[in-house]
Amino acid sequence: RRSFVTVIELIQLINNLDRREQQRLFTLRELSTLSGKTRPAVGMALQRAAWKEIVARVGNLWINLMNPPAITDLAFALVSPSYISFESALYHHGILSQSPRGELTVATAGRPRRIETPLGTIRFIHLKRPLFFGFDADRMALAEKAWLDLVYIRGRRWRDQLLSEKVYLDRLNGRRLRDFSRRFPRPTQTLGIATVKRGKGG
């Protein structure tokens, strides 16, 4: 069989994945299986497509740049278990007024790392497994959990810096905040709730 794969053939395969499966992230193995062509042949086609900025590689994944996925989908595909939290979730919920330095902040049980991608920077921040709760079906932390996650990793010195920015702590649910805080270490419980009270008082 012909082992060579043209860029046009590759584009057709990628477009079919997008159209039929809404899949915009894929591996070399998946494309080889779907096309019936060898991995070296598909790999060479991917390299040529990357030079033309049709696709891009991040780790073992290839991204469809013609119709890119959401950066959150890329983050979840790269590292699991994980969920959106910290500044990104607080901005999503309207607690922070400004986007967090162009980074997507993600909680992970794995090692911390920062990954530069064509879709933006993803910062994975380590949390202990007992703290993996408080996020919805889309793996977005609830506002109160994102706040406590942030206090947990940043600590007291960071609090005053945050409160110098525009934050809307009055939008947090007090009961949920107290319930969630009980599962954190005592310093986070105290600092997280006290800061919210201070913010609301201000």
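These are my notebook entries on one helix pair, two nonpolar cores and two buried residues.

**Entry 1, the model.** I am working from a predicted model, in which local features need pLDDT of at least 70 and side-chain atom pairs count only at pLDDT 80 or more, while totals for chains, interfaces and linings use all residues. Residues are numbered from 1 along each chain as its sequence is written, and side-chain values use heavy atoms, with hydrogens and water left out.

**Entry 2, H1 against H2.** I looked up how helix H1 (residues 7-21) packs on helix H2 (residues 28-35), and found an angle of about 100 degrees with the axes 11 Å apart; helices here are DSSP runs of H or I with at least four residues, and strands are runs of E with at least two. The axes are lines fitted to C-alpha atoms over the stretch in contact, and angles run from 0 to 180 degrees between N-to-C directions. H1 and H2 are therefore roughly perpendicular, a label that covers 65 to 115 degrees. Leu10, Leu13 and Leu17 of H1 meet Leu31, Leu34 and Ser35 of H2, where contact means heavy atoms within 4.5 Å. By class, I noted five nonpolar residues, one polar and no charged ones in this contact.

**Entry 3, the cores.** I then turned to the largest nonpolar core (buried Ala, Val, Leu, Ile, Met, Phe, Trp, Tyr and Cys residues joined through side-chain atoms within 4.5 Å), which has 44 residues, with Val106, Ile122 and Trp147 among those with the most contacts inside it. Helix H6 (residues 143-154) gives the largest share of this core, six residues. A second, separate core of 16 residues includes Ile14, Leu17, Ile54 and Trp62.

**Entry 4, threonine 117.** I found threonine 117 in strand S6 (residues 113-117), and it counts as buried because its relative accessible area is 12%, buried being under 20%, exposed over 50% and partly exposed in between, with a 1.4 Å probe and protein chains only. Its side chain reaches the backbone nitrogen of leucine 119 at 3.0 Å and the backbone oxygen of glycine 120 at 2.7 Å. Leaving aside neighbours within four places in sequence, threonine 117 is in contact with Val58, Leu74 and Ile122.

**Entry 5, glutamate 144.** I placed glutamate 144 in helix H6, where it counts as buried because its relative accessibility is 3%. Its side chain makes a polar contact with the side chain of arginine 176 at 3.1 Å; such a contact is a pair of N or O atoms within 3.5 Å, one able to donate a hydrogen and the other to accept it, and residues adjacent in sequence count only if both atoms are side-chain atoms. Beyond four places in sequence, the contacts of glutamate 144 include Arg171, Leu172 and Phe180.

How values were computed. Angles under 35 degrees count as roughly parallel, over 145 as roughly antiparallel, 65 to 115 as roughly perpendicular and the rest as oblique. Ala, Val, Leu, Ile, Met, Phe, Trp, Tyr, Cys and Pro count as nonpolar, Asp, Glu, Lys and Arg as charged, and the others, Gly among them, as polar.
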